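Hi,

Here is the structure I promised to pass on. Have a look at it first, and then read my notes underneath.

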Amino acid sequence: MTASDLYDKPGHLIRRCHQISLGLFLDRCAEFQLTPVQYALLKAAEAEPGADQITLAGMAALDRSNAARLAAALEARGLLRRAPDPKDRRVRRLSLTAEGKALLRRVEPTVQRMQEELLAPLTAEERRIFLRALRKIAAAHNEISRAPLRLPESGEAA
């Protein structure tokens, strides 16, 4: 195998794009002290206020233990509230605090600009095709992921 063989492998290219996306997010969102997975969990909590921690982990495609650590850290920052479910005290219900909602409002334009910057090398048509292809790959292989995407309505992958 030559180095050029590696550079044409989809898995390698996806990993490189992930590295670039992560680097852009961390750089552009540094002032908010927010990571992409923290952002994903906050967005899930925004979409499903009061949902249980496992549901939100599934919505953000996070494994349960990582989601629990993230939720605890976000709670410590005052961005998320975790409350025991009155019917089952082992279950934690998550909701954004006013500070969490305000942070999402402030960070959203930066995240949107970062996404645009990431896709800047592509034309509008290439972006549409690229995103459709990524969604197709993610959906086709969702079940083999260590943290499959789960939607709350049906529990199925997107």
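Let me start with a single residue, glutamine 38, which is buried at a relative accessible area of 12%. Bear in mind throughout that this is a predicted model. Glutamine 38 belongs to helix H3, and once you set aside its neighbours within four places in sequence, its contacts are Gln33, Leu70, Leu74 and Arg77.

There is another glutamine to look at. Glutamine 53, in helix H4, has a relative accessibility of 13% and so counts as buried, the cut-off being under 20%. Not counting residues up to four places away in sequence, glutamine 53 touches Ala68, Ala71, Arg82, Arg92 and Leu94.

Now the overall picture. The protein has seven helices and two strands, and from the N terminus on the order is α-α-α-α-α-β-β-α-α. Its C-alpha trace spans about 55 × 35 × 30 Å along the principal axes. Of the 158 residues, 27% are buried. If you take the contacts between residues at least 6 apart in sequence, 50% of them join residues at least 24 apart.

On the surface side, the protein exposes about 10,200 Å², with carbon and sulfur atoms supplying 58% of that. As for charge, there are 26 positive and 20 negative ones, and their mean positions sit 3 Å apart.

Next, the inside. In soluble globular proteins, nonpolar side chains tend to be buried together. Here the largest nonpolar core has 29 residues, and the members that touch the most others are Leu34, Tyr39, Leu41, Leu42, Leu56, Leu80 and Val107. At least two residues of this core come from each of helix H2 (10–28), helix H3 (36–47), helix H4 (53–59), helix H5 (64–76), strand E2 (92–96) and helix H6 (98–119).

Two valines are worth clicking on. Leaving aside neighbours within four places in sequence, valine 107 is in contact with Cys29, Phe32, Leu34 and Tyr39. Valine 111 is found in helix H6 and is buried, at 4% relative accessibility. With residues up to four places away in sequence not counted, valine 111 touches Phe25, Cys29 and Tyr39. For a distance to check in your viewer, try valine 111 to glutamine 19: they are 92 residues apart along the chain, and their C-alpha atoms are separated by 16 Å.

And how many aromatic pairs would you count? I get one. Phenylalanine 25 and tyrosine 39 make up that pair, with 5.9 Å centre to centre and 55 degrees between the planes, so the geometry is tilted rather than edge-to-face, which would need over 60. The pair links distant parts of the chain, since phenylalanine 25 is in helix H2 and tyrosine 39 in helix H3, 14 residues apart. Both partners are buried: phenylalanine 25 has a relative accessible area of 4%, and tyrosine 39 comes in at 12% relative accessibility.

If you open just one spot, I would pick tyrosine 39. It pairs with phenylalanine 25, and both valine 107 and valine 111 touch it.

Cheers

Definitions and conventions:
Residues are numbered from 1 along each chain as its sequence is written. This is a predicted model: local features need pLDDT of at least 70, side-chain atom pairs count only at pLDDT 80 or more; totals for chains, interfaces and linings use all residues. Side-chain values use heavy atoms; hydrogens and water are left out. A nonpolar core is a set of buried Ala, Val, Leu, Ile, Met, Phe, Trp, Tyr and Cys residues joined through side-chain atoms within 4.5 Å. Buried means under 20% relative accessible area, exposed over 50%, partly exposed in between (1.4 Å probe, protein chains only). Helices (H or I, at least four residues) and strands (E, at least two) are DSSP runs, numbered from the N terminus. Contact means heavy atoms within 4.5 Å. Accessible areas come from the Shrake-Rupley method with a 1.4 Å probe; for residues, only the protein chains shown count as cover. Lys and Arg count as positive and Asp and Glu as negative; His and the chain ends are not counted. The place of a charge is taken as NZ of Lys, CZ of Arg, CG of Asp or CD of Glu. Rings of Phe, Tyr and Trp (its six-membered ring) pair if their centres lie within 6.5 Å; planes under 30 degrees apart count as stacked, over 60 as edge-to-face and the rest as tilted.
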